[in-house]
Amino acid sequence: MTPKAVTVGSVILLGAPGAGKGTQAKVIAQQYGIPHISTGDILRDNVARGTDLGKKAKAIMEKGELVPDTLVLDMVEDRVDCPDCDRGFVLDGFPRTAAQAEWLDRFLTTRTFAGRHLPPIVMNFQVGYNQLLQRLTGRRSCPTCGRIYNVYFQPPRREGVCDFDGAPLIQRKDDSEEVISERLKNYERQTLPLADYYRRQGRLYEVNGELPREQVTAEVLSLLERLRGEQ
Ligand code: AP5
């Protein structure tokens with residue numbers, strides 16, 4: 001697919017753990033040729049490389065708690081200042097607290113995309129509890145290319161192996177039932193209120209994340225086309 005070289009601005013994907021943010025963020029990034037910025041992926045990469053940030057984040061992430069705002073904000077600020085963000089970027093897993101959302105609002109008032117100030121496009125993926133549990137316990141990912149699979153919903157052609165590059169698939173450490181329950185509690189307490197925050201700004205678009213992956217993608221891409229045209 002040749003990416004559409006248009007100005008998109010910032011796209012924020014909100015939703016519970018397992019709601020499909022990462023799955024859809026990858027499609028949007030590919031469709032428009034803009035970066036997919038996943039704070040979870042950046043943190044996991046820091047943990048794997050044993051950086052100072054990774055050392056601070058590791059135990060917190062393994063418990064399913066949120067990494068302190070100060071660490072996350074420095075990390076995001078560095079990433080969104082990169083030249084590949086000129087036409088826009090997709091945020092997956094950020095913002096996640098009121099302080100992060102307020103920081104992002106301030107940042108976006110100073111930031112231009114191809115010379116224009118653009119408000120964020122915010123999508124909220126709604127998925128019920130039982131479906132979230134199945135998605136998270138069944139998730140497997142490729143450590144080489146980042147593709148996401150699910151043993152129940154999107155199994156690889158050959159069990160345990162990436163269709164694309166043949167690497168053995170891995171399960172995330174925080175996808176155990178005990179940690180999932182902690183992550184869902186923290187989501188309800190700290191991140192769910194952000195839906196109201198953006199609803200009050202008139203920027204929130206609800207997406208039925210429970211539909212099959214291709215149908216969610218179709219809804220997300222058509223919403224983006226429409227909203228971009230209105231900008
Ligand atoms: P993070 O990596 O952001 O995890 P998360 O928010 O818990 O979200 P997930 O990645 O688990 O789910 P997703 O919505 O992306 O779903 P996916 O597309 O993979 O964060 C991890 C940790 O890092 C946090 O707990 C925290 O400690 C820290 N952290 C990160 N950001 C932070 C921040 N801003 N502030 C502080 N701390 C932060 O899909 C899930 C599964 O479902 C897959 O198997 C997929 O194949 C399947 N699936 C997807 N869509 C569908 C569909 N429509 N139908 C059927 N199956 C589907």
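In this predicted model, the shell around the ligand mixes residues of every class: 16 are nonpolar, 11 are polar and 10 are charged. Altogether, 37 residues surround the ligand. The closest of them are Thr23, Glu65, Arg96, Arg139 and Gln154.

A look at individual atoms helps to show how the protein meets the ligand. Lys21 takes part through its side chain, with a polar atom 2.9 Å from an oxygen atom of the ligand. Gly22 takes part through its backbone instead, where an N or O atom lies 2.8 Å from an oxygen atom of the ligand. Leu211 also uses a backbone N or O atom, and in this case the partner, 2.8 Å away, is a nitrogen atom of the ligand. Leu211 is thus a helpful reminder to look at the backbone too: the residue counts as nonpolar by class, yet the contact described here is made by a backbone N or O atom.

How much of the ligand's accessible area does the protein cover? On its own, the ligand has 1000 Å² of accessible area, and the protein covers 97% of it. Several elements give two or more residues to the surrounding shell: the helices α1 (21–32), α2 (39–49), α6 (129–138) and α9 (213–230), together with the strand β6 (148–150). The largest share comes from α2, which supplies 4 residues.

Helix α2 also has a place in the packing of the helices. It packs with helix α3, formed by residues 52–63, at an angle of about 110°, and the two axes are 8 Å apart. Since angles of 65 to 115 degrees count as roughly perpendicular, α2 is roughly perpendicular to α3. The crossing of these two helices is left-handed.

Helix α5 (residues 98–110) can be followed through two further pairs. With helix α4 (residues 69–80), α5 packs at an angle of about 30°, the axes being 11 Å apart. Because an angle under 35 degrees counts as roughly parallel, α4 and α5 are roughly parallel. In passing α5, α4 makes a right-handed crossing.

The second partner of α5 is helix α8, made up of residues 193–200. Here, too, the angle is about 30°, while the axes lie 10 Å apart. Helices α5 and α8 are therefore roughly parallel to each other, and their crossing is right-handed.

Definitions and conventions. Residues numbered from 1 in each chain as written. Predicted model: local features only at pLDDT ≥ 70, side-chain atom pairs only at ≥ 80, totals over all residues. Heavy atoms only, no water. Near = heavy atom within 4 Å. Polar contact = N/O pair within 3.5 Å; in protein donor to acceptor, adjacent residues only side chain to side chain. Areas by Shrake-Rupley, 256 points an atom, 1.4 Å probe, with all protein chains shown as cover. Axes fitted to C-alpha atoms, helices over the stretch in contact; angles between N-to-C directions. Parallel < 35°, antiparallel > 145°, perpendicular 65-115°, else oblique. Left-handed = near helix turned anticlockwise from the far one by under 90°.
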